[in-house]
Amino acid sequence: MNTTLSLVDVLRQQVAHLVHELAERDNVLHERTRHLRVAQALAHLGSWEWEIEGGAVRCSSELYRIFGRESEADLLTFDGFVAAVFPEDRELVMASINHALGGRASYDVEYRIVRANGEVRTIHSCAEVLRDDKGKPCRMSGSVLDVTERTRIAETLRSSQEKLRQALQASGIGLWDWNTYTNEMVLSEEWKRQLGYEKTELSDSCETWEGLLHPEDHDRVMVCLQDAVCTRHGEYRQEYRLRHKDGTYRWIESRAALVTEADGRRIRFLGSHMDITDRKRMEQSVRESEDRYRTLVDLSPSGVFVFCEGRAVYVNHRGALLLGATDPQELVGRSMFDFLHPDYHEDVRENARRVLAGNVSVHSAERIYLRKDGTSIPVQMEVARIVWNGTPAIIVLISDVTERKQAEEALRASEERFAKAFKTSPHPILISELETGRLVEVNDAASQLLGHRTEESEGQILSELQVWGSAEEQVQFRERLKQVGPVRDLEVSLRARNGDVRRFLLSSELIELNGRPCRVTVADDVTDRKRAEDELRRSHALLRQVIDGSPNFIFAKDREGRFTMANKAIADCYGTTVDDLIGQTDADFSPHWDEVEFSREKDLQVMTSLQECFIAEEKFTDWSGKTRWLQTIKRPIVDDQGRFHMVLGAATDITERKRMEEMLLQHEQDLNAALQERERISQDLHDDVLQSVYAAGLGLEACKSMMKRQPELTADHLTATLEQAIRQLNQVIEKIRNFISGLESCAIQGVDFIADLRAMIQAMCEASSIQCRVRIDDRVGQYFSPELALDLINIVREALSNALRHSHATHITVSLRQLLGSVRLTVTDNGIGFNPKSVQAGGHGLENMATRAHKAGGMFAVRSESRRGTRVLLDLPIDSTDYSK
């Protein structure tokens, strides 16, 4: 008993221990799951798993967040995922998925998605395809990383690098990078451009640089460079000449410094390269100018006088000429006051004393000098202290200002004319202080706008006059003027004193007036013009509505065939918008080159002839593959000189009229066929059935005659004769039945048609190893007449036979289902495929299928690619099959 209790206790303890251990593991699992979610959220990394066969998709919470969806309320499906992919990236994503499923490549792709709120995000997705024992893909699992910020940062980095490149190019600085350990050198594009070379014309190598050195500089530069490499400290700086592409030599200033690598080594020189040829030339010019200094003084356009102890000790040639002397020596030794008008003697004496004492460094004034003949000349005099042969002296530069005086007089006259133009201008003009906004001067037009007299407006603060339509525009105008400088044609609203608000274009320029920063502002009243523009825009919008409301195609094209104008009707047929269509050609939207070339040919005809072109029938295939027929008129639009400008076109859809004409023609053909069939039936009845009936009748007549002539014949003989006649009649009946069957071949519809179709497919596939899948909607049988059912069975028989015999496929699928407005038949295989154009002349199978499809009023297509299988497609509009009901 105790032993039993002990075992029970032990078992209970073990059970409790296991329960506790399971609880701890569950807690650990939950905690790790939480950690995983937190890690995914922090890393913006979501995970997903797709059951390929069933279509189920399981996603992590972070993936839903990345896609901008609520994980509980908005489950993400495969179709939802494809719809969320940015339209331009869908083809790339689907191709990557197909390549991964086919084992041709791993799934590793970067693409954009569009969230429900319209936000575009960039993501990077990786996945692994799991396969079953037969190698068939069964599941695909992967991760999604939101790399939007990384993409933006990369774009910002590229932009910064481009700005750096432009800045270096604008500053004229080339860069070079030399690894002294490997002797590898990188020369920037600007480095090569300064020598006249394109980026690819010079190789990046030390030998290239050395080969361009001037022979006279080569040894000196190489020694200096080797010394910098050996010492490896300080800054490397050299000036030398390099050969330009045009054969001349350019002076270059090269600076460089050693760069410390991550491992601490200093083996790379990073340097700059600047063309200093102009500076060298300038330095040479300065040296030459020093040599020519005395000559320039002698030949100075200003008169140069040196007075020492009140008398002239040096006069240049120009000074002598100004005072009417032919030789400077005529004036040397004379007193400075001999050259001055008496009215200025005292003033000049005092200023000379101050200059010699050092109280004034330079004295400048206008004075009247006297020529040798006593005539006066107005001059600008500049006086400075110098030392002449160890003695303090003054140097005086005088310039004849006669012409300047005349110019100043002309300037005063010009300013007077400007003042008149300023006052009488029809545009309001205001001059105001920049900081305070106080009006300094306004013209009459501005006074009229402000509602004050001119003398009342001047001195007022502009902001207090309440002329701005809004305070925001006033602040914007002031800040823009301070930060940017000149303002041109800034559109603002201004309020006159009577309360009328009008639109103006303001142009303003910063000026300095009496040492104060001011702004001069000119206003141009554009209220009436803006009203006219608004009316023009409304008229344009109305015309746009009229054009877009028309069911006809209305368009205009330029010389290159690009759309310059199009209405909504033509944009809808191309499956795009009017805005996306503008600037594009027909070839950008239509893959049907025959239609594109025909339209382009007619456009060129109109351009060349400048004549209207009428096209009675033009084929046009829209974005969905539907064929339309258009009746088009194209006219040339010419400019003022009569030269071609664009093609204006208008097209009417005549597809329905074309279809009615074709139906009428088909009915005529059907009537002729019926008459021919009637003739054939008459011949068959006469040659076969009636002849058999006649033979049976003759046999019965013969039996009747024997009974009258030889009544003694036995019953057996008569019975044999009658049985022979009966057999003949039975044969006639059988022929009639067969004939009736020929008139109503396969008189089946509804459930019988579907059953016969299934039976036929099963019978054809029983003897083949290819797996055949049948997907038939039983409800579609109601739409088929006997004739249509027979045509459909024959199409399936032909397509299935081709696939079984030629495709080398492992799977074939036959599908017949109802779509919105149509019934679709598809026969698909995963075989080797073929080129449909290459077999057009090899047999009648495809032609017969297409003929039957056309007879039934359907759209027939065969799509096949090498190694990607074949797809036979037949769409039958329900309205065309509805006559069977």
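A charge sits over a ring if NZ of Lys or CZ of Arg is within 6 Å of the ring centre and within 35 degrees of the ring normal. Keep that in mind. In this structure, Arg349 meets it: its charged end sits over the ring of Phe337, 4.5 Å from the ring centre. Arg265 does it too, over the ring of Tyr181, with 5.5 Å to the centre.

Now the overview. This is a predicted model. The chain has 885 residues, and 34% of them count as buried. It holds 26 helices and 30 strands. Take the contacts between residues at least 6 apart in sequence. Of these, 45% join residues at least 24 apart.

On to the sheets. I'll show two.

The first one is an open sheet of 5 strands, with antiparallel pairing. The order reads S7-S6-S10-S9-S8. Which strands sit at the edges? They are S7, residues 184–187, and S8, residues 236–243, and each of them pairs on one side only. Neighbouring strands here are turned by 25° against each other on average, direction ignored.

Look at the S7 end. Strand S6 covers residues 173–179, and it pairs with S7 in the antiparallel sense over 4 bridges. For a residue-level handle, take Asp177: its bridge partner in S7 is Val186.

What packs on this sheet? Helix H8, residues 215–231. H8 touches S6, S8, S9 and S10. Strand S9 spans 249–260, and strand S10 spans 266–275. The direction of H8 makes about 150° with that of S8.

Second sheet. Again an open sheet of 5 strands, but here the pairing is mixed. The order is S26-S27-S28-S30-S29. At the edges we have S26 and S29, the latter at 859–864, each pairing on one side only. Neighbouring strands are turned by 10° against each other on average, direction ignored.

Start at the S26 edge. S26 and strand S27, residues 811–819, run parallel and are joined by 6 bridges. Arg773 stands opposite Thr813 in S27.

Two helices to point out here. H24 lies across S27, S28 at 822–829 and S30 at 870–877, and runs at about 155° to S27. Helix H25, residues 845–855, packs on the sheet as well, touching S29 and S30. The direction of H25 makes about 150° with that of S29.

Next, aromatics. How many aromatic pairs does a search of the whole structure find? It finds 18. I'll take two of them.

Phe81 and Tyr111 come up as an edge-to-face pair. Their centres are 6.2 Å apart, and the planes make 80°. Phe81 lies in helix H3, residues 78–84, and Tyr111 in strand S3, residues 107–114, so this pair ties together parts 30 residues apart in sequence. Are these two residues buried or exposed? Both Phe81 and Tyr111 are buried. They also belong to a cluster: ring pairs link Trp50, Phe67, Phe78, Phe81 and Tyr111.

The other pair is Phe753 with Phe784. Ring centres are 5.1 Å apart and the planes stand at 40°, so the pair is tilted. The cut-off behind that label: under 30 degrees counts as stacked, over 60 as edge-to-face, and the rest as tilted. Phe753 lies in helix H23, residues 751–765. Phe784 lies in the loop between strand S26, 771–776, and helix H24, 786–806. So the pair ties together parts that are 31 residues apart in sequence. Phe753 and Phe784 are both buried.

One single residue next: Arg115. Where is it? In the loop between S3 and strand S4, the latter at 120–131. Its relative accessible area is 13%, so Arg115 is buried. What does Arg115 contact, leaving aside neighbours within four places in sequence? The answer is Arg65, Ile66, Phe67, Gly68, Arg121 and Asp146. Phe67 is a name we have met, in the ring cluster.

Last item, cysteines. A disulfide is a covalent bond between the sulfur atoms of two cysteines. How many does a search of the whole structure find? The count is 0. Two cysteines for the record. Cys138 has a relative accessible area of 28%, so it is partly exposed. Cys613 is at 4%, so it counts as buried.

That's the tour.

How values were computed
Residues numbered from 1 in each chain as written. Predicted model: local features only at pLDDT ≥ 70, side-chain atom pairs only at ≥ 80, totals over all residues. Heavy atoms only, no water. Pairing = 2+ DSSP bridges. Axes fitted to C-alpha atoms, helices over the stretch in contact; angles between N-to-C directions. Contact = heavy atoms within 4.5 Å. Phe/Tyr/Trp six-rings, centres within 6.5 Å; stacked < 30°, edge-to-face > 60°. Buried < 20%, exposed > 50% of the residue type's maximum accessible area, 1.4 Å probe, protein only. Disulfide = S-S within 2.5 Å.
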